[in-house]
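Here are my notes on the model you sent over. I've kept them as numbered points so you can check each one in your viewer.

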Amino acid sequence: MTEERPAPEVPPAVQLSDPRALRAYAHPTRMALVGLLRHEGPLTATRAAELLGESVASCSFHLRQLAKYGLVEEAGGGRGREKPWQATALFTSWDTAADDPATAEAADALHRTVVERYAALAARWLEVQPGEPSAWRSAAGIGDTLLHLTAEELTELAARMDELTRPYLDRLGAGAERPPGSRPVLLVRMALPIDLPPVADPPPASDPPPVSDPPPVSDPPHDSEGLDSRNDRNEHDDRPQHRTEEGAR
C-alpha cells in the first residue's frame, strides 16, 4: 500500500504589480535565470552562465535587474566576487485584469513572452523526442480537452489542479529528495475561452501611385558640322536626382 504524502503548504509567490517590474521580467534570459534558480537552488552568475549558455557579464546584469524587483536575492556565502543568487519564491504571479493601462500593457507583453517561451520549449521537445526513451515519449505529450464551464468553475478547476501538483513541489531546489529516474517536467496549463471574435482582416495595401512614362527623347539636333550635341545637354541637366534610402546611407 502506498503511503499518501501530505500536501505541503501553498508555496510563496512573487506578486508583480509595478509596470516596470512586469517589463523587466518579460525577458527570456531573466525568465530562464529565475527558473534555473528555482530548480537548482543558489547559483553564482558564472555557474548560471554555464548552464544557460550565456555570458557571465550578461547573467550578472540580468540577476541585478531581477533583484531590483524582488525576484532574486543574494544567498550569502561565496568567495570573493562570486556571489551566489537564489530565487525569492517558487512562483511569479501578476494581475491579468489590471485596470491601469500601463500595467495592463506590461502584463500583456509579459504574457506574450511566456507563451513564446512555452511554444519554443514544445517545439524543442518535438525536435528531440524521437531519441527519448519510449516511456518518456508515452508519458509526455500535448493535448487538449474541450469543456463548457463558467468562470467560477474554471477558477475552481485551476485550484484543484494546483492541489494535484503541490505534493511534488518539495522536490524543487538544491538538495531536494527526488525519486530515481525523475526529470524536471514543465506542466503548462492553458485554459482559454475559444468562442472569440474573428480576427479582423488587415486593411488592403493602397496601390502605389502610377509612374508616368518619361517623355520621349527627341532626336538630338546636329550642328552644322554633324556632331552629336547630347553630351553637352546631359552635363547641364539640372533635374532632381532620385536617391533611395539605401543609397543615402
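1. Let's begin with a side chain: is R183 buried, partly exposed or exposed? Its relative accessible area is 38%, so R183 falls in the partly exposed class. Bear in mind throughout that this is a predicted model.

2. R183 has a salt-bridge partner in E132, with 2.7 Å between the closest N and O atoms. The two residues sit 51 positions apart, and the pair links distant parts of the chain. E132 belongs to the loop between α5 and α6 (134-139), while R183 belongs to the loop between α7 (151-165) and α8 (230-235). On the E132 side the relative accessibility is 15%, so that residue counts as buried. In other words, a buried E132 is bridged to a partly exposed R183.

3. How many salt bridges does the structure hold? The count is 7. Another one of them joins R124 to E127, the closest N and O atoms being 3.1 Å apart. This one stays inside a helix: both residues lie in α5 (residues 101-128), 3 residues apart, about one turn of the helix. E127 is exposed, at 56% relative accessible area, whereas R124 is partly exposed, at 46%. The cut-off for exposed is over 50%, which is why the two end up with separate labels.

4. One more bridge to click on is R20 with D18, where the N to O distance is 2.7 Å. D18 comes out as partly exposed because its relative accessibility is 25%.

5. Staying with helix α5, have a look at T103, which is placed there. T103 has a relative accessible area of 10%, so it is buried. What does T103 touch, leaving aside residues up to four places away in sequence? The contacts are S17, P19, L22 and A98.

6. Next, helix α4, which covers residues 56-68 and so has 13 residues. From first C-alpha to last it reaches 19 Å, close to the 18 Å expected at 1.5 Å a residue. Its buried residues are S58, C59, H62, L63, Q65 and L66. Why can they be said to share a side of α4? Because they cover an arc of only 160° around the axis, which puts them on the same side of the helix. The face turned away from that buried side carries the exposed residues A57 and K68.

7. As for what lies over the buried residues of α4, the cover includes the helices α1 (19-25), α2 (28-40) and α3 (45-52). The strands β3 (72-74) and β4 (84-87) are also part of that cover. Just after α4 comes a backbone detail you may want to inspect: G70 takes a positive phi of about 80°.

8. Those two strands bring us to the sheet. It is an open sheet of 3 strands in the order β2-β4-β3, with antiparallel pairing. The edge strands are β2 (43-44) and β3, each of which pairs on one side only. Strands of a sheet pair through backbone hydrogen bonds, either parallel or antiparallel. Between β3 and β4 the antiparallel pairing runs over 3 bridges. Which residue in β4 is the bridge partner of E74? That partner is W85.

Conventions
Residues are numbered from 1 along each chain as its sequence is written. This is a predicted model: local features need pLDDT of at least 70, side-chain atom pairs count only at pLDDT 80 or more; totals for chains, interfaces and linings use all residues. Side-chain values use heavy atoms; hydrogens and water are left out. Helices (H or I, at least four residues) and strands (E, at least two) are DSSP runs, numbered from the N terminus. The expected span of a helix is 1.5 Å times one less than its number of residues. Buried means under 20% relative accessible area, exposed over 50%, partly exposed in between (1.4 Å probe, protein chains only). The arc is that of the directions from the helix axis to the C-beta atoms. Contact means heavy atoms within 4.5 Å. A salt bridge is a side-chain nitrogen of Lys or Arg within 4 Å of a carboxyl oxygen of Asp or Glu. Two strands pair if DSSP finds at least two bridges between them.
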